[in-house]
Amino acid sequence: MTVRVQRTFEFDAPGERVWEFISDPGKRAEAISVVERFDVSDDGRRATWHIALPIPVISQTAEVETKDIVVEPPRYVKFVGKSSVMRVTGEHTIETVDDDSCRLRNEFVVDGRLPGVERFFKKNLDRELRNLEQALRRDLELTA
């Protein structure tokens, strides 16, 4: 079973400001609650997430190697993450509403490779997207 979630957020900020956050693999990783720590490559397009899933078959953190596979500044980024426990794809599209506001469309797809992974994300992926939205709003407030 594949888990797919799509959500759209509206921001009272120019798309370029939202792009500064959403195009950064480190900022995206920080917003996800199951990511205990992460490492971003020197080129800024890859990150290793060390995730802790509360699933009985996983007794330690799993490494998810993520890579931005499509980057179209300042409006679109798509990444893929692969590990022994799951594969995740994330897409973020920024649409300008006017000079001072934009819409961010998000889509995540998770394919679990171990029992319980998809069930966990089916139950928690909405919360993780809310975490991403809240982190982005905090970032916009700090840099306003």
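Which residues does Glu133 touch, not counting residues up to four places away in sequence? In this predicted model, Glu133 touches Phe9 and Phe11. Glu133 lies in helix α3, which covers residues 117-142. Its relative accessibility is 18%, and Glu133 therefore counts as buried, the limit for that class being under 20%. The position of this residue is taken up again below, after a description of the sheet.

The strands form an open sheet of seven, in the order β1-β7-β6-β5-β4-β3-β2, and the pairing is antiparallel. Strands β1 and β2 (35-40) stand at the edges; each has a single partner strand, so one side of each is left without a neighbour in the sheet. From one strand to the next, the twist averages 20°.

The pairings on the β1 side of this order can be described one by one. Strand β1 (residues 2-11) runs antiparallel to strand β7 (residues 101-112), and 10 bridges join the two. Within this pair, Gln6 of β1 stands opposite Glu107 in β7. On its other side in the sheet order, β7 is followed by β6. Strand β6 (residues 86-98) is joined to β7 by 12 bridges, again with the strands running antiparallel. Two residues lie between β6 and β7, and the two strands form a hairpin. Among the bridge partners in this hairpin, Gly90 is matched with Phe108 in β7, and Val88 is matched with Val110 in β7.

Strand β5 (residues 76-82) pairs with β6 in the antiparallel sense, over seven bridges. One of these partnerships links Val77 to His92 in β6. A hairpin also joins β5 to β6, in this case through three residues. Strand β6 thus takes part in a hairpin with β5 and in another with β7. In a regular strand, the side chains alternate between the two faces of the sheet.

Two helices can be placed relative to the sheet. Helix α1 lies across β1, β4 (62-72), β5, β6 and β7, and it runs at about 165° to β6. Helix α3 packs on the sheet as well, touching β1, β6 and β7, and its direction makes about 20° with that of β1. The contacts of Glu133 fit this arrangement: Glu133 lies in α3, it touches Phe9 and Phe11, and residues 2-11 make up β1.

Why is helix α1 described as largely enclosed by the rest of the structure? Helix α1 spans residues 15-22, and six of its eight residues are buried, so the rest of the structure largely encloses it. The buried residues are Gly15, Arg17, Val18, Trp19, Phe21 and Ile22. An α-helix has 3.6 residues a turn, so residues three or four places apart point the same way.

The structure also contains empty space, with two cavities of 30 Å³ or more. The largest cavity has a volume of about 110 Å³. Its lining consists of Ile32, Val34, Trp49, Met86, Val88, Phe108, Val110, Phe121, Leu125, Glu128 and Leu129. At least two residues of this lining are supplied by each of β6, β7 and α3, and the largest share, four residues, comes from α3. By class, the lining of the largest cavity has 10 nonpolar residues, no polar ones and one charged. Val88 and Val110, both in this lining, are bridge partners between β6 and β7.

The second largest cavity has a volume of about 40 Å³. Arg28, Ile32, Trp49, Phe79, His92, Phe108 and Leu132 line this second cavity, and they divide into five nonpolar residues, one polar and one charged. Ile32, Trp49 and Phe108 appear in the lining of the largest cavity and also in that of the second largest. His92, which lines the second largest cavity, is the bridge partner of Val77, while Phe108 is the bridge partner of Gly90.

Note on methods:
Residues numbered from 1 in each chain as written. Predicted model: local features only at pLDDT ≥ 70, side-chain atom pairs only at ≥ 80, totals over all residues. Heavy atoms only, no water. Buried < 20%, exposed > 50% of the residue type's maximum accessible area, 1.4 Å probe, protein only. Pairing = 2+ DSSP bridges. Contact = heavy atoms within 4.5 Å. Axes fitted to C-alpha atoms, helices over the stretch in contact; angles between N-to-C directions. 1 Å grid on protein atoms, 1.4 Å probe; cavity = no way out; pocket = protein on both sides within 12 Å on 5 of 7 lines; lining within 4 Å. Points joined across faces, edges and corners; volume = space filled by probe spheres on them. Nonpolar A, V, L, I, M, F, W, Y, C, P; charged D, E, K, R; others polar.
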